[in-house]
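Please look over the structure below. The paragraphs after it lead through its nonpolar cores and then one of its helices.

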Amino acid sequence: MLDLKKYLSYAQKIGKQAAIHKAGWGKTFLSVDHMKLRKGRRITNAGIDAIDKGIIDILTVNGRANNQEIAARLSVTPATVSSRLNRMEEQRIMKVVAVTDFAAHGYNVIIAIGVSVKGRPVLEVAQDLAALPEVFSVNVMHGRYDLEMLVVLHDFEEVRVFLDNHVRPIEGIDEMDPGIAVDIKKFEFNIAPL
C-alpha cells in the first residue's frame, strides 16, 4: 500500500509538487499539480484554447498550411492565426518542424534498452549515451532501470556491434535489457519536448 507521507517527501525530492485530496466519498488520492521538466522548467496549464488546438491540429496534418488557410478553416483572421502562432512558439507550447520516417533514412530496427547504472552518476551515463548517433531518446527513469533509451539501427547485424562496442564500454553501465521492436502499432510525433 502507498504511504502518502513517504510519497509526498519523494515527490518533493524529485521536483514534483504533489497534493493530497479528499474525495467526497472518503477516499484519499494524490495529484501532481506541476511537473519539473528539463533544466527546472515547470509546466502548468498551458492555456491552450479551442483556436490554439485547431491551429495545432491543422499544422499536424499539414505543416505547410499558411495563415490564410488556417484562418479560413477556423473562421478567424490571418492576423489572429499569426499572433497565436507567435505566442505558442514563444511560450514553447508548439514548434513547426519537419519529421521524417525512420525507414526513409534506412533505419529498419528500433530497440528499447533498459539500463542499470552503478558506480557513476546516472546523468553522466545518460549524457554519454545521448552522444551516440544511433540513440534518439534517453530518459532518466524511476523504476527497474535507471535509464531507458531508444535506438535505431539499419539492420539486425548492427545490434550486437552497437551493444558490445558502443554501449557496453561506457563507464557505469551495470546491466542492459534490450527489447527489439518487431512491429510498430502506434508512433505519434505530434507531442514532443521542445
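**Cores and a helix**

In the largest nonpolar core, which has 21 residues, the members that touch the most others are Ile113, Val115, Leu129, Met149 and Phe162. A nonpolar core is a set of buried Ala, Val, Leu, Ile, Met, Phe, Trp, Tyr and Cys residues joined through side-chain atoms within 4.5 Å; buried means under 20% relative accessible area and exposed over 50%, with a 1.4 Å probe and protein chains only. At least two residues of this core come from each of β4 (109-117), α5 (122-130), β6 (147-153), α6 (157-167) and β7 (173-180). β4 gives the largest share, 5 residues. Helices (H or I, at least four residues) and strands (E, at least two) are DSSP runs, numbered from the N terminus.

The model is predicted, with local features needing pLDDT of at least 70 and side-chain atom pairs pLDDT 80 or more, while totals for chains, interfaces and linings use all residues. Residues are numbered from 1 along each chain as its sequence is written, and side-chain values use heavy atoms, without hydrogens and water.

Apart from the largest core lies another, of 10 residues, including Ile55, Val81, Leu85 and Met88.

Ile55 is also one of the buried residues of α2, with Asp52, Gly54, Ile58 and Leu59. Seen down the helix axis, these residues fall within an arc of 160 degrees (taken from the directions from the axis to the C-beta atoms), so they line one face of α2. They pack against α3 (67-74) and α4 (78-90). On the face turned away from the buried side, α2 carries the exposed residues Ala50 and Val61.

Key:
Contact = heavy atoms within 4.5 Å.
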